Every structure is written in structure tokens, then in C-alpha cells.
Amino acid sequence: MKILVVDDSGMVRETVAAVLRSGGHQVRVACHGEEGLAALAQEPADLILADILMPVMDGFQFCRKCKEHPEWQKIPFIFLTGEFATPQDLALARTLGVNIVLTKPLSIDRLLTTVQAAQNGGRARSVHLSAGAGAAPGHGETLYQQRIIAKLEEKVAALEREVAHRQELEARLAAANTRWQKTFDTVEDMVWLLNADRRVICANQATVAVLGRSPAEVVGRHCCEQIHGTTEPVAECPVTRAAQSRHRESLELALGDRWFEVIADPVCGDQGDITGMVHLVRDVTSRHRADAEIRALLESVSEERNRLSALVNSMTDEVWFIDREGRFILANPAARREFRLPATAPTELNHLTGVLDIRRPDGTPRPPEEAPLQRALRGQVVEDEEELVLTPYRGEFRHRLVSSSPVRNQRFEIIGAVSVVRDITARKRQELALQESERFVRNIIDALTAHLAVLDEHGVILAVNRAWREFAATQAPGRDGLCEGADYVAVCRAVRGPDEPMASQFLAGLQAVMRGEMPVFTLEYPCHSPKERRWFVARVSRFQGPGPLRVVVTHENVTSRHLAEEEQMRLQSQLAQSQKMESIGRLAGGVAHDFNNMLGVILGHVELARELAEPTHPLQEALGEIQAAAQRSAELTRQLLAFARRQTVSPRRIVLNEAIAGILPMITRLIGENIRLEWRPGPDLHPIFIDPSQIDQILTNFAANARDAIADQGRIIIETRNVGLDAEAVRDLPDLSPGDHVMLRFQDDGAGMSPEVLEHIFEPFFTTKGLGQGTGLGLATVYGIVKQSRGAIQVESQPGRGTQFRIFWPRDAMAAAPAAIDARPSTTLAPGTAALILLVEDEPAILRVTQRMLEQLGYRVLATSSPSEAVRLAEAHPGQISLLLTDLVMPDQSGQDLARLVSPTQPGLKCLFMSGYFDGDSVRHRVQGQDVRFLQKPFTMSELAAQLRFALGG
């Protein structure tokens with residue numbers, strides 16, 4: 001048996017094909033329904049096995065195409081599916097004519113048994129379905145769309161869950177990276193991570209202290225370039241030696257006046273190859289200096305003077321020795337260098353004081369007798385006295401700390417004095433820089449819009465920023481109870497009233513952070529005032545630093561974010577509603593188009609039959625009933641087209657009061673004597689652009705619904721007035737733009753509607769009336785008319801309180817309106833004048849009935865369903881073709897394009913377009929600038945005759 005297997009999964013496709021080939025069958029495969037159709041076109045099959053969910057063309061569409069083909073419709077069709085096995089899916093499969101549904105995974109025996117049963121015409125142990133004869137038109141398409149949408153929604157929900165999970169993992173990874181980086185940066189030693197090429201891929205903050213460069217400046221650079229000043233490997237470098245030995249290597253080296261220990265640890269991969277290197281640099285300057293001092297002390301054991309000299313000479317601080325007469329007997333190199341003293345005998349103190357400018361810390365001159373060495377000779381001990389000295393070597397004032405002590409002999413007599421001087425200029429500058437930095441940070445913190453406070457371990461406020469202080473002033477004018485020194489925990493406990501639960505929750509989080517139970521606590525809370533709505537986000541975190549516990553509390557105003565989120569939710573809701581109604585409109589328009597075609601066939605054949613039968617024939621009554629039913633059905637399709645905004649209209653500039661005044665008597669008769677009608681026309685109404693008949697439709701539908709909603713006595717109000725809508729007003733009317741508008745208000749005091757009913761009132765076929773009491777198209781028609789006329793509609797209703805509709809139309813600024821495309825002259829039916837008509841219609845049934853109607857009217861007809869064949873007929877016909885009667889929208893070519901192709905071969909050719917689906921803008925665009933007419937399907941033979949006479953100029 002020849003079997004065609006269609007599945008988008010290569011594994012499933014080849015597995016099923018292999019099993020079937022092992023059973024002696026000839027198997028061909030295809031990836032989707034379109035390839036399956038191509039395979040059938042090459043060679044028909046005895047059996048088709050197909051998956052359902054496939055790209056390009058799925059199984060439902062593929063099955064439908066096969067069942068529509070006259071040569072393939074009897075081929076047994078089996079569905080293979082792992083997802084479409086619910087009762088709704090089986091119902092859809094039954095509608096399409098599927099014979100068997102097999103669910104995945106399936107066994108070899110089950111597959112072969114099912115195929116054998118299908119070959120023998122018997123039944124297998126699977127889900128068998130009968131053909132979908134008798135199904136309602138469009139029911140299969142509806143089931144198909146419902147199931148596809150359901151499956152897509154499941155896929156979207158799964159993808160959303162996966163995205164949320166991935167976002168959570170990314171957030172956790174980012175937090176872990178932040179914690180790792182903070183830990184990495186707290187290491188006091190400089191640590192680099194190198195790749196296999198010895199380039200830095202990561203560096204901690206200690207790089208700044210060691211090299212004076214930021215981590216960003218060294219990342220990506222060669223380590224030798226940063227340490228040794230070359231990109232070539234250095235032989236004694238620990239990194240070079242570690243790469244060779246594959247073990248830790250270290251080296252001590254000096255950079256300037258500092259010593260460092262360099263350690264290199266290789267990082268090996270799974271195969272033993274070196275994939276990177278951990279490069280650590282530790283500052284050992286203090287250790288080296290201490291070692292030097294110890295060595296100096298040990299070496300001076302044999303000779304005290306040499307030991308003292310070595311110690312003094314190794315010190316970076318200045319060291320001065322004087323005898324009891326005040327003469328310098330020793331000055332270390334640092335002192336000599338700072339004061340440019342010669343290496344020979346020291347200069348006397350009097351000489352130095354006479355040369356140097358020495359001042360007190362406040363900048364005033366210091367007398368010589370206040371010199372620390374002089375005071376030490378008098379037996380005083382001077383510790384860390386600050387002074388300013390203008391040194392010859394630097395030529396600038398330097399900050400110095402001086403410590404002086406008397407030197408005594410064994411008899412405790414003062415024989416001299418020693419002074420140690422430390423230059424603290426750099427430290428002073430750092431202190432000034434720190435103060436400036438603190439001011440800078442304070443300015444930044446004060447510039448924050450968030451309210452910020454720092455608490456100690458007991459919850460007492462240590463510092464606040466400007467925003468906190470200003471907000472506290474608004475909460476407690478004239479008091480600083482919420483600022484420095486206040487017990488913030490006590491303040492939170494004292495909150496009473498409606499804010500007490502939120503304050504308790506915040507206090508619990510604050511205390512949990514203070515106890516170290518959680519690193520951060522965040523709480524979003526409302527803080528509304530009588531004048532405005534506000535929201536804040538409170539955040540409590542532990543201050544990461546040395547010293548006792550500190551807690552940082554911030555309150556950030558997130559009102560704008562809240563309002564933006566509310567606005568976004570509102571816009572999303574409007575968009576979803578608009579998209580839903582647009583989708584329903586497309587569906588309704590498409591259904592109406594198909595119905596119009598079928599109704600055209602019915603009305604045409606009925607009218608032909610009534611023409612052929614005698615007026616007294618018994619069939620005339622039955623044919624009349626069929627004709628009336630078809631015309632009522634056509635009215636339903638016109639209502640659907642009105643909802644879909646595809647009905648034919650003749651819009652013009654009107655004043656709404658005049659249009660309403662003309663229909664008020666009819667509305668009064670419609671609603672009955674028990675309902676009082678109040679008409680409140682607004683003065684000086686702006687003109688609007690709309691078909692006046694559509695105003696009649698709107699008010700008639702409103703009045704009918706209001707009549708049914710009022711049980712006994714009631715009242716209806718119809719009001720009009722001019723309104724000016726600004727940007728804020730059109731937020732809830734997304735189809736409108738700010739400007740002048742005209743409002744129509746229709747209000748009744750009937751039963752009203754629930755919120756659940758309000759969500760669906762504009763959907764076609766939705767009705768709350770009993771069976772046979774309403775079509776559910778009234779308000780759907782109103783909705784379509786309003787949207788087609790560039791307006792917007794609002795509805796307000798509550799059970800027991802009536803309903804109010806408000807419609808807004810933009811003011812018409814144009815002085816004139818285009819003529820309607822489908823205007824039809826009033827012409828009596830008359831036989832044709834043997835004019836030749838080229839008829840082009842892609843629907844065979846409509847083509848046949850239209851041809852018969854034309855012939856019945858006395859016209860000669862060239863009929864075809866193909867635009868290309870129509871072009872050929874026009875070129876080949878020797879005589880003149882009087883008129884082209886063509887469908888406007890056809891699969892291969894539009895009616896307008898066909899007219900352009902035929903016109904060169906038929907000079908003076910008239911055109912009459914027809915269509916069952918009117919898209920005003922589309923049709924107007926297609927026929928713009930041509931001397932043509934438009935005929936709306938379905939049409940009667942009299943309407944056809946009238947349009948032909950008008951188009952031919954008769």
C-alpha cells in the first residue's frame with residue numbers, strides 16, 4: 001500500500017516510515033502540509049498519516065485541502081498527535097473528515113494494526129471518527145481557531161514561566177557576583193587573575209594602593225608590562241617560573257622605596273594544561289624596614305656610636321642631636337638633605353633659626369626660645385608639637401611634628417637634647433582631601449531625592465540628609481524629633497491609626513537587619529495626603545565598614561512609577577479590548593462576505609425560478625418564502641458588515657440635531673406610550689461627517705434595547721451638545737484626538753447591566769434576551785457604525801439604575817464630502833439591447849447564476865472564473881465588448897488590474913465592479929479616478945439591470 005507520512009519531526013517521520021516499510025508498505029514522507037499536497041499531486045496515496053501541529057501548513061489545514069480535492073477526498077486520513085486528543089480536538093477532526101486519530105507515543109503493533117485496519121476498511125483499536133457531514137458552516141474553522149489559540153496560549157505561558165525563571169537565576173547570579181566582587185576587593189593584597197596569555201582578566205581594588213592604577217586600567221594588559229615595563233617574559237619573574245614548574249613561585253622585589261612579595265600560582269585545566277595564573281602582590285615594606293632596623297641594631301653591638309649612626313641614618317624622619325651649649329653634634333641624612341646642610345660639621349642652631357622661617361601651626365612667627373630642642377635642654381619633654389617650616393630644599397611651608405627629649409648621663413645630668421621631626425605635609429593634605437571628600441559626599445547625599453538616615457546599633461539616628469530633614473519638617477513642623485539623636489525604633493512603635501500595621505511590618509524588618517538576620521529589608525507603602533496620592537519604598541541595609549554596627553535607612557518616593565504603572569495597565573486594558581473587537585470585526589466581515597456570496601446564489605436562482613414559473617403556479621408562494629428568508633439573511637449580513645465597518649455608506653456633512661429630529665416620531669412609536677421621551681438638543685452644534693441613515697440605525701437600536709429594559713413606566717433622554725476634549729479627556733477614548741467634538745447621549749432608567757454583561761455587549765450575537773427574541777447584532781451594529789465614522793463610544797450601567805451611552809464624533813472641518821461609491825439609480829427592469837458583457841467571477845455558483853440573470857435580461861455573455869482567461873477572451877473576440885462585469889477582489893488578480901489589462905484591446909469599455917465585502921477605503925482606492933460603478937452583493941435582477949443600464953449610459 002502507498003502511504004504518505006507528514007510530520008515536522010524528523011525522528012518521528014523516519015521512525016514511522018521505517019516501521020511501515022518493515023510491514024511491506026511503500027512510504028513517502030513530507031515535512032508539513034504544503035509538502036504533503038505537492039507529494040499527492042505527483043502521485044496519489046492509498047493512506048495518509050499526518051501530524052497536527054506543523055509549520056507552514058498544519059494537519060487541520062492539510063486534511064481540509066485533501067477532503068476538498070475530488071481525487072483525494074476518499075483517501076483514508078489518520079492523525080498522529082501527542083497534544084490534540086481532547087474532545088474538542090476530536091470534534092474538529094470529525095468535522096474535517098479524519099478517519100482515525102492516533103496519540104503519541106504509539107507502539108509498532110498498534111501502528112501496523114491501525115494501518116492494516118484502514119487498508120481493509122475495518123476498525124482498529126484507536127480513536128475512529130466519522131466524517132463531519134452535517135456540521136454547521138464555519139464550525140470546523142471555529143474549532144480549529146479555538147484549539148490553535150489554546151495551544152499557543154499554553155506555549156506562551158510556558159515561555160513566560162521560563163523567562164521568569166531565567167530572570168530569577170540572572171538576578172541571583174548578579175547578586176553572587178556582587179558579593180564575590182566585594183569580598184575580592186576587601187583583600188588587602190593586590191590580586192590579579194591572568195589568562196593563558198598572561199593578560200589581566202580581573203583585578204581587585206588593592207591595585208590602586210600598590211601601583212596607583214585602577215583595576216580598569218590594568219585589565220586586559222600584559223602583567224609584565226604593568227610590573228616590569230615590558231611585554232616580554234622576564235626570566236626571574238615568578239609567573240615565568242611557575243609556568244615552567246607548574247607549582248607556586250615567589251619573588252621579593254623593590255619598586256621605588258617600597259618592597260613587594262610577588263606570588264604566582266598556576267591554574268591547570270582538566271587536561272593538565274595551564275589555563276591561567278593567580279598573581280598576588282603583597283606589600284612587605286614595613287617588614288623590610290623593620291629588618292633593616294634590626295640589622296642596624298645588631299651590627300652596632302660592637303660599637304654603640306656606629307649602631308646609633310646607622311639607626312639614625314636609616315630613619316626617614318629628621319633626627320637632630322645638640323650638646324648642652326646648643327651646638328649640633330649629629331644630624332641624620334634626612335635632616336641634612338631637608339636643610340641642605342654640608343656633610344662636614346653641622347651648622348649652629350642660631351644660624352638655622354636665623355635663616356629659616358619657622359611658625360606656629362596658626363601661621364604666626366615662633367620665637368627661638370620656643371624651639372623644642374631649647375625647651376628640651378631646659379628639661380622639658382616635647383611630644384608631637386606641630387610647626388610650619390619654610391625649608392630651603394623644597395621652598396615651601398611644610399607641616400612637621402617635632403618630638404624632643406633631654407639626653408642625660410649616668411648622674412642624670414642634661415648633657416644635650418635629641419629631636420625627631422616627621423614631615424606630615426602629605427598627611428595634612430590627605431586630611432584636607434578627606435574633609436573635602438566628606439563635604440563632597442555630604443553634598444551628594446543631600447542632593448538625593450530619597451530620604452536617608454544612618455542609625456546606630458540601638459536605632460538612634462546619627463545623621464540624615466536634606467530630603468529626610470525637609471520631610472520630617474513637613475510631618476512635625478517646628479520640631480526635629482525625626483532627625484539626629486531621635487530614637488527611630490521608638491518613633492516607629494509610636495505610630496497609631498490606619499498606618500500602624502505598615503509601621504509594625506517596617507519595624508520588624510528594621511530589627512531583623514539590625515540583628516543580622518537579613519542583609520537588606522525592603523517595603524513599599526502608601527503615604528497619601530488629602531491633596532495627593534504618594535507611595536514610598538523603604539530600604540534598610542547594614543553599613544559595610546569597620547567600627548560598630550551602622551544601619552542605613554532610605555525612603556524613596558516612587559509615586560511617579562506607581563502612576564506610570566497604573567497608566568500602563570489602563571492602556572494595556574484599552575489595547576486588549578481594541579484588539580479583541582478588531583479581531584471579532586475581521587471574523588464578522590469574513591463571515592458576512594461568504595454569506596453574501598451564498599445568498600447571492602440563492603436570491604438569483606429564486607428570482608430566475610419565479611420569472612420562469614407562472615404567477616399562479618403553486619411554487620410561487622414557496623419561492624416567495626425562500627426569497628423573503630434570503631433577504632432577511634442578507635439584512636443580518638448587512639448588520640454584521642456594519643459591525644465590521646464594511647457596509648456601504650453615503651457619508652456627508654450633517655447637523656446631528658436635524659438628523660435626530662427627523663426620526664423622533666418613529667422612535668416614539670417604537671418605545672410605546674408607557675415610556676416618556678425627552679429630547680434635549682444642544683445649541684449651535686458643530687457639523688459631523690456621517691451617513692444620516694446610520695444615525696437612524698443607532699437610535700433605533702438604542703430605543704429597542706431601552707424599551708425591552710424598562711419593565712413598566714420609564715423615561716428615555718436623548719441629548720446633544722458640543723464638547724471640547726483635551727489630552728486628559730481622550731485618555732479613555734483612544735480613538736479620538738484632542739479638539740472639538742459633538743456628543744450624543746442616550747440614557748434610560750431601565751434594568752441596567754452587570755459588569756459581566758458590559759464586557760460583551762458590543763460583540764456580535766451576544767444577547768441577554770430569550771431564545772428567538774433577539775439576534776445580538778444591535779449594539780454590535782452601533783459599535784461598527786461609530787468606529788467607521790471615526791467616533792468613540794462609552795457606556796455606563798449598573799443593575800437597577802439604567803444605562804447611559806455617550807457617542808463622540810469629531811467636528812467636521814471639510815466643506816464637502818465625496819459621493820458614495822454604490823449609489824444606485826431607480827430604473828425599471830427592461831430587456832437588454834444585445835450588448836456583449838464580459839463576466840468574471842471566481843466563485844463558480846455566483847458565476848453561473850449571474851450569467852443566467854444576464855441572459856434573462858437579454859444580454860450576450862462571455863463568462864469565465866479566471867482573470868487570465870478573461871484577458872485572452874477580450875483579445876481574441878473580434879467585436880466590441882460593451883461592459884466588463886467583474887468581482888473586485890479575486891485570488892489571482894484584482895478587478896481593477898483586470899480592467900487595466902482589458903481596456904487596451906477594447907477601447908471605450910465600461911466597467912461595473914461587484915463585491916460582497918465592502919471595505920470603504922479599499923474599494924474607494926481601487927476604483928478611484930475611473931468612470932465605473934459598484935454593485936453590492938447580494939443583488940436582485942432588478943438591481944443588476946438598473947446598474948447595467950446606468951453603466952452603459954442607458
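**Why these words? A walk through a predicted model**

Guide: Welcome! UniProt, in an unreviewed entry, places the feature "modified residue: 4-aspartylphosphate" at D51 and D887. The model we are looking at is predicted.

Visitor: Where does D51 lie?

Guide: D51 is in strand β3, which covers residues 47-51.

Visitor: And why is D51 called buried?

Guide: Buried means under 20% relative accessible area. D51 has 7% relative accessibility, so D51 counts as buried.

Visitor: Which residues is D51 in contact with, leaving aside its neighbours within four places in sequence?

Guide: Its contacts are V6, D7, D8, G59, F79, L80, T81 and K104.

Visitor: What about D887: buried or exposed?

Guide: D887 lies in strand β32, residues 883-887. With a relative accessibility of 5%, set against the cut-off of under 20%, D887 counts as buried too. Once neighbours within four places in sequence are left aside, D887 touches V840, E841, D842, G895, M914, S915 and K937.

Visitor: Let's turn to the helices. What makes α3 and α4 roughly parallel?

Guide: Helix α3 (residues 59-68) and helix α4 (residues 87-96) pack at an angle of about 20°, and their axes are 9 Å apart. Angles under 35 degrees count as roughly parallel, and therefore α3 and α4 are roughly parallel to each other.

Visitor: Which residues meet there?

Guide: From α3 come F60, C63, R64 and K67, and they meet L92, A93 and L96 of α4. The residues of this contact comprise 5 nonpolar, no polar and 2 charged.

Visitor: Now a sheet. What makes β24 and β28 edge strands?

Guide: The open sheet has 5 strands in the order β24-β26-β27-β29-β28, with mixed pairing. β24 (675-680) and β28 (792-797) each pair on one side only, and they are the edge strands. From one strand to the next, the twist averages 15°.

Visitor: How do you know that β27 and β29 pair?

Guide: Two strands pair if there are at least two bridges between them. Strand β27 (residues 739-748) and strand β29 (residues 803-810) have 8 bridges, in the antiparallel sense. One of the bridge partners in β29 is I807, which pairs with L744.

Visitor: Which strands of the sheet does helix α22 touch?

Guide: Helix α22 (residues 656-671) packs on the sheet and touches β24, β26 (714-725), β27 and β29; its direction makes about 175° with that of β24. Helix α23 (residues 692-709) also packs on the sheet, touching β24, β26, β27, β28 and β29, and its direction makes about 30° with that of β27.

Technical notes: Residues numbered from 1 in each chain as written. Predicted model: local features only at pLDDT ≥ 70, side-chain atom pairs only at ≥ 80, totals over all residues. Heavy atoms only, no water. Axes fitted to C-alpha atoms, helices over the stretch in contact; angles between N-to-C directions. Helix = DSSP H or I, 4+ residues; strand = E, 2+ residues; numbered from the N terminus. Parallel < 35°, antiparallel > 145°, perpendicular 65-115°, else oblique. Contact = heavy atoms within 4.5 Å. Nonpolar A, V, L, I, M, F, W, Y, C, P; charged D, E, K, R; others polar. UniProt positions renumbered as here; feature names shortened; annotations may be inferred. Buried < 20%, exposed > 50% of the residue type's maximum accessible area, 1.4 Å probe, protein only.
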